[in-house]
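Colleague: I would like to learn how to read a structure like this one. Could you walk me through it?

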Amino acid sequence: MNAVQAGPKFVVTEASGVWLWDDQGDRYLDGTASLWYCNVGHGRREIADAIHSQLLRLEAYTVYGDFANRPALELSERLADRAPVDDPRVMLTCGGGESIETAAKLARKYWASRGHPERVHLISRTGGYHGLHGIGTGVIGMERFRSGYGPMVEATSVVAHDSVAELEAEIHRIGPENVAAFFAEPVIGAGGVYAPPDGYFERVAELCRRHGILFISDSVICGFGRLGNWFGIERFGVRPDMIVFAKGVSSGYLPLGGVVVSGEVAAPFWDQPGNTLLHGTTYAGHPTCCAAALANMDILERENLLEVSLYVERDLDRALRGLESHPAVAEVRSGTGVMGAVQLTTEAEEAGISAPAVFREARRRGVILRAIPGAVVMSPPLIITTEQIEHLVATLRSSLDAVSERAG
Ligand code: PMP
């Protein structure tokens with residue numbers, strides 16, 4: 001609301017590839033792939049066609065009970081084939097936040113079904129973003145998202161995102177026998193683009209395994225090529241018990257998300273008669289959304305974008321490193337995935353060189369970035385070219401210069 005009050009709305013009217021246009025006819029480079037999701041770029045006719053023909057065949061139908069539809073089945077199979085999860089099963093939802101709720105409830109119900117109803121505690125990390133639904137708001141690693149809403153879901157705690165020792169200490173403080181699951185993004189996205197320290201996830205996965213804690217990878221941002229593979233977490237060589245996905249699964253052409261669940265976690269709901277997971281939503285397994293995701297996955301595969309993204313990652317990292325010497329810049333975080341953050345110095349911020357000011361200046365100059373507290377972040381479509389990356393970073397530099405100059 002503050003952004004809207006500050007001036008006229010920024011009305012997006014069209015988009016194609018890495019470009020979008022506003023209602024004044026001005027063109028912008030989409031440096032954020034909208035909200036971290038448009039991995040294959042905008043305006044893909046193939047996805048539009050897949051949506052159109054699915055709408056004409058079967059627009060929507062519930063997947064409650066034994067109901068199913070072909071796109072949901074095909075998508076689940078393709079995701080299961082590619083997921084680094086043992087004996088994978090797939091639950092589809094309409095987005096990231098909904099999938100976090102699903103994963104958290106599954107974790108707790110799994111333990112209750114296995115005779116450990118006391119295992120309810122959920123641990124997450126500072127800077128971790130897990131959507132803004134009930135449980136997600138409860139486990140989010142940024143306090144500002146939690147205040148003002150009264151009591152949150154019980155039995156949660158947040159540990160430093162880069163410390164295995166702190167996680168271990170917290171597990172012992174709670175008692176491992178009371179901990180249901182640990183949530184972590186492969187690379188923290190919305191919280192500021194923080195890659196894990198070397199060996200972090202191997203040690204975390206081992207720790208969770210040793211204590212029987214379910215390890216849930218929130219791959220909502222990191223999946224579908226953003227980290228050079230299908231689910232992001234592959235990069236760190238570990239196999240979680242659940243993977244939460246959304247965004248890049250359909251490149252956002254239609255809303256879709258879900259959870260890949262290990263056979264072990266799904267087992268109590270197959271094995272124990274009457275033990276139903278009473279959880280699901282109206283539009284889960286929506287055939288038209290699934291058709292969009294299938295067409296999106298076709299493009300990722302055909303254009304080899306999982307591998308291409310590794311070159312894009314290198315180019316982006318190389319270009320952003322040039323900003324490290326800028327007087328307003330405290331730190332550049334990039335090089336793990338097609339994403340980056342430029343952290344501003346506290347002195348710069350105090351002098352008015354703020355992330356929102358840099359964001360606005362860059363947009364005025366034709367490049368869309370994203371401002372978060374203290375930093376400007378980016379996550380362009382995976383199809384961005386080297387020249388376009390150079391343009392993006394040059395515009396960020398000239399915006400930093402212009403805002404610095406104005407701040408005097
Ligand atoms: N997890 C992560 C890591 C995310 O980045 C997001 C969205 N930015 C979510 C969950 C929530 O997804 P949604 O906004 O689709 O509910």
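Modeller: We will go through sheets, a buried residue and the ligand shell in turn. Keep in mind that this is a predicted model.

Colleague: Let me start with sheets. What holds the strands of a sheet together?

Modeller: In general, strands pair through backbone hydrogen bonds, in a parallel or an antiparallel sense. Here, one open sheet has four strands in the order β11-β12-β15-β14, with antiparallel pairing. At its edges stand β11 (329-334) and β14 (370-372); each has a single partner strand, so one side of each lacks a neighbour in the sheet. On average, neighbouring strands are turned by 20° against each other, direction ignored.

Colleague: How many bridges join β12 to β15, and which residue stands opposite alanine 341?

Modeller: Four bridges join β12 (residues 340-344) to β15 (residues 375-378). Alanine 341 faces valine 377 in β15.

Colleague: And which helices pack on this sheet?

Modeller: One of them is α11 (residues 305-321), which touches β11 and β12 and whose direction makes about 170° with that of β11. Helix α13 (residues 355-364) also packs on the sheet, touching β12, β14 and β15, and its direction makes about 175° with that of β14.

Colleague: How are β14 and β15 linked?

Modeller: They form a hairpin with two residues between them, and glycine 374 in the turn has a positive phi of about 85°. Three bridges join these antiparallel strands. Arginine 370 stands opposite valine 377 in β15, the residue that also faces alanine 341.

Colleague: Which way do the residues of β15 point?

Modeller: Ala375 and Val377 point one way, Val376 and Met378 the other way, and all are buried.

Colleague: Where is there another sheet to practise on?

Modeller: Look at the open sheet of four strands in the order β1-β2-β3-β13, where the pairing is mixed. Its edge strands, β1 (12-16) and β13 (367-368), each pair on one side only. Inside this sheet, β2 (residues 19-22) and β3 (residues 27-30) are antiparallel and share three bridges. Leucine 20 is opposite tyrosine 28 in β3.

Colleague: Now a single residue: is valine 260 buried or exposed?

Modeller: The idea is to count the C-beta atoms around it, with 20 or more within 10 Å as the cut-off for buried. Valine 260 has 27 other C-beta atoms within 10 Å, so it is buried. This valine 260 lies in strand β10 (residues 257-261). Leaving aside neighbours within four places in sequence, the contacts of valine 260 include Leu79, Val85, Pro88, Met242 and Ile243.

Colleague: How far apart are valine 260 and asparagine 304?

Modeller: They are 44 residues apart in sequence and 23 Å apart in space, C-alpha to C-alpha.

Colleague: Last, the ligand. How many residues surround it, and which are the closest?

Modeller: There are 15 residues around the ligand, and the closest are Gly95, Gly96, Gly97, Gly131 and Val220. Helix α5 (residues 96-113) gives the largest share of this shell, three residues.

Colleague: What does the shell look like by class?

Modeller: It has six nonpolar, seven polar and two charged residues. When you read those classes, remember that Gly is counted as polar.

Note on methods: Residues are numbered from 1 along each chain as its sequence is written. This is a predicted model: local features need pLDDT of at least 70, side-chain atom pairs count only at pLDDT 80 or more; totals for chains, interfaces and linings use all residues. Two strands pair if DSSP finds at least two bridges between them. Axes are lines fitted to C-alpha atoms, for helices over the stretch in contact, and angles run from 0 to 180 degrees between N-to-C directions. Two residues are in contact if their C-beta atoms, placed from the backbone, lie within 7 Å. A residue is near a molecule or strand if its C-beta atom, placed from the backbone, lies within 6 Å of it. A residue is buried if 20 or more other C-beta atoms lie within 10 Å of its own, exposed if 12 or fewer, and partly exposed in between; C-beta atoms are placed from the backbone.
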